[in-house]
Amino acid sequence: MSRSTFANAPALAIDDILGNANLHIIVCTGAGGVGKTTTAAALGLRAAEMGRDVCVLTIDPAKRLAQAMGLSSLDNTPRQVPGVCAPDGSGSLFAMMLDMKRTFDEVVEGHADPVRAQQILSNPFYQTLSSSFAGTQEYMAMEKLGQLRMRAEAEGTWDLIVVDTPPSRSALDFLDAPARLGSFLDGRFIRILTAPARGAGKGIGRLVGMGFGLFTSVLNKILGAQVLADVGTFVAAIDTTFGGFRERADETYALLKDSGTSFVVVAAPERDALREAAYFVERLRTDDMPLAGLVLNRVQAVDDPDLTSEQAAAGAQTLQELVDESGSGESGDDQADEHADGDRLTAALLALHAQRMSLAARQRHLADRFTAAHPGVPVGSVPALAEDVHDLDGLREVGDLLASGL
């Protein structure tokens, strides 16, 4: 699939985006398994070699980013990738992998005195919430992004942060889950669970406690008295230390809407991935968030687009029939057998070309449907590579391909 596939869409000028000094955050998002991590790393590397100071934040648990960048491991602290800079020596590249629980711990430790922090960190409900609760990873991804941006502004460490969003079932989870988790922690249900404990000993508290007696007895049977006690202790401790989980998520959400941020939606040329990309593009438009464009990853390239799938398939069938009629290269005549082997190989190559052309046609149809529905969205593509990206040279190749528009 060539650039002409996207005749209805403007080209994604990736070097203009990376070279924009007013752009400080790039968020790579999309459905799971479409190459977000590789795209984020490739963009970060290319920006650093253009002279920018870059930090790439990945949330992908596969840890491919560390391997591709030649680092033994990544953790919750940005690590510099050695040997990456522009020809004039400017620019740098740092990388890190989100540790969801450690980031939540840092939030607690940063807003509580040591005694109160330990009380929260040792609470069983908090330990579950910070490690496996639905939405926590997306919430902490935004929290870490906010921390990195604040550090960049205060210390001048990076002028560009590239974010690889969590491998969620839906790309929209990155935008929706933090608000859901914040609403849960700040919401009425949590207040109901802890109201009797907070009001105990007071006149109104006794009335509230009596009123919720039946309700809490049912919850005790469902959740267990200890779970309710842990929730109550956690909320009581965290309320006296810092509140407003929803407000914290809203602050970072506002950062995502800032003119210094831009989203790159990554998709594979497949029906479900492009449908997910379309949902996300519409959501960004509805929420007035800045969209750079779409990266269509792992596109099928063809060597000879003038040879159609039908022609290649017909040629392969004709050659194979000739080989079969001649005895499949077993005549005992070395020259004839060699000729038959050549025909057999040519037939196989023609059949492979026919398959690739058919796949490219299906991908082109899906891409055309997307560009027709979103004609103003810039689109770039990266062809399917022969092997997985596993080093800086591979990331550099992805960046080159994306910037070339081929």
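This is a short guided tour of the structure above, one selection at a time. Keep in mind that you are looking at a predicted model.

**The whole chain**

Start with the protein chain in a cartoon view. The chain has 406 residues, and 49% of them are buried. Its secondary structure consists of 17 helices and 8 strands. Now switch on the surface: the accessible area is about 19,300 Å², and carbon and sulfur atoms account for 53% of it. Contacts often link distant parts of the sequence here: among those between residues at least 6 apart, 77% join residues at least 24 apart.

**The sheet**

Next, select the strands. In what order do the 8 strands lie in the open sheet? Reading across, you meet S3-S4-S2-S5-S1-S6-S7-S8, and the pairing is mixed. Look at the edges, where you find S3 (79-80) and S8 (379-383); each has a single partner strand, so one side of each is left without a neighbour in the sheet.

**From S6 to S8**

Select residues 261-267 for S6 and residues 291-299 for S7. These two strands are parallel and are paired over 5 bridges. To see one of the links, pick Ala 267, whose bridge partner in S7 is Leu 296.

Then add residues 392-404. This is helix H17, which packs on the sheet and touches S7 and S8, with its direction at about 140° to that of S8.

Move on to S8 itself. S7 and S8 also run parallel, joined by 5 bridges. Here, Asn 297 has Val 382 in S8 as its bridge partner. Is S8 mostly covered or uncovered? Mostly covered: 5 of its 5 residues are buried. Turn the strand to check both faces: Val 379, Ser 381 and Pro 383 lie on one side, with Gly 380 and Val 382 on the other, and all are buried.

**A helix across the strands**

Now select residues 136-155, which form helix H7. This helix lies across strands S1, S2, S4 and S5, and its direction makes about 165° with S2. H7 has 20 residues and reaches 28 Å from its first C-alpha to its last, close to the 28 Å expected. Step just past its end to Gly 156, where phi is positive, near 70°.

**Leu 160 and its neighbours**

Stay in this part of the sequence and pick Leu 160, a residue of strand S5. Its relative accessibility is 0%, so Leu 160 counts as buried. Which residues does Leu 160 touch, leaving out those up to four places away in sequence? They are Leu 23, His 24, Ile 25, Ile 26, Ala 47, Arg 52, Asp 53, Val 54 and Cys 55. Try the distance tool on the last of these: the C-alpha atoms of Leu 160 and Cys 55 are separated by 6.5 Å, although the two residues are 105 apart along the chain.

**Two cysteines**

Keep Cys 55 selected and add Cys 85. Cys 55 is buried, at 0% relative accessibility, whereas Cys 85 is partly exposed, at 34%. A disulfide is a covalent bond between the sulfur atoms of two cysteines. The count of disulfides in this model is 0.

**Two residues with positive phi**

For the last stop, select Asp 288, in the loop between helix H14 (271-286) and S7. Asp 288 is not a glycine, yet its phi is positive, about 60°. Asp 288 is exposed, at 61% relative accessibility. Finish at Arg 298, within strand S7. Arg 298 is not a glycine either, and has a positive phi of about 60°. Arg 298 is partly exposed, with a relative accessible area of 42%.

Methods: Residues numbered from 1 in each chain as written. Predicted model: local features only at pLDDT ≥ 70, side-chain atom pairs only at ≥ 80, totals over all residues. Heavy atoms only, no water. Pairing = 2+ DSSP bridges. Helix = DSSP H or I, 4+ residues; strand = E, 2+ residues; numbered from the N terminus. Contact = heavy atoms within 4.5 Å. Axes fitted to C-alpha atoms, helices over the stretch in contact; angles between N-to-C directions. Disulfide = S-S within 2.5 Å. Buried < 20%, exposed > 50% of the residue type's maximum accessible area, 1.4 Å probe, protein only. Areas by Shrake-Rupley, 256 points an atom, 1.4 Å probe, with all protein chains shown as cover. Expected span 1.5 Å × (residues − 1).
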